[in-house]
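Q: Could you take a close look at one part of this model for me? I would like to hear about a stretch of its surface and how that fits with the rest of the chain.

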Amino acid sequence: MAIQAEHELHKRRKSRNIGLGLVLAGLIAIVFGLTVVKVQQLGAVQGFDHVVRPELLPGEEAPR
């Protein structure tokens, strides 16, 4: 009887942990998505092309 009760308790904890993990994964996805949208709206990253474009100081020429 005690083994069966322990098994039921373990099953309930496992299902609760899986549900909590899914909720947390969903929240992380939402926060990441909102961050990407906000960065695009602000224009903080130009084009997401990963090309390094060093800013030139006044009077400097662009490298060839």
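**The nonpolar patch**

A: Happy to walk you through it. Leu20, Val23, Leu24, Leu27, Ile30 and Leu34 together make a nonpolar surface patch of about 580 Å². Please keep in mind that this is a predicted model.

Let us take one member of the patch, leucine 34. This residue sits in helix H1, which covers residues 2-42. Leucine 34 counts as exposed because its relative accessible area is 56%, and the cut-off for exposed is over 50%.

Now for the setting. The protein chain has one helix and zero strands. Of its 64 residues, 0% are buried. The chain exposes about 6400 Å², and carbon and sulfur atoms supply 66% of that area.

Helix H1 also carries a charged contact, between lysine 11 and glutamate 8. The two residues form a salt bridge, with their closest N and O atoms 3.7 Å apart. Lysine 11 and glutamate 8 are three residues apart in helix H1, so about one helical turn separates them. Lysine 11 is partly exposed, with a relative accessible area of 43%, and glutamate 8 is also partly exposed, at 34% relative accessibility. The structure holds one salt bridge, and this pairing of lysine 11 with glutamate 8 is it.

To return to where we began, the patch includes Leu20 and Leu34 among its members, and leucine 34 is an exposed residue of the patch.

Notes
Residues are numbered from 1 along each chain as its sequence is written. This is a predicted model: local features need pLDDT of at least 70, side-chain atom pairs count only at pLDDT 80 or more; totals for chains, interfaces and linings use all residues. Side-chain values use heavy atoms; hydrogens and water are left out. Helices (H or I, at least four residues) and strands (E, at least two) are DSSP runs, numbered from the N terminus. Buried means under 20% relative accessible area, exposed over 50%, partly exposed in between (1.4 Å probe, protein chains only). Accessible areas come from the Shrake-Rupley method with a 1.4 Å probe; for residues, only the protein chains shown count as cover. Patches are made of residues with over 30% relative accessible area and no salt bridge: like charges are joined within 9 Å, nonpolar side chains (Val, Leu, Ile, Met, Phe, Trp, Tyr) within 5 Å. A salt bridge is a side-chain nitrogen of Lys or Arg within 4 Å of a carboxyl oxygen of Asp or Glu.
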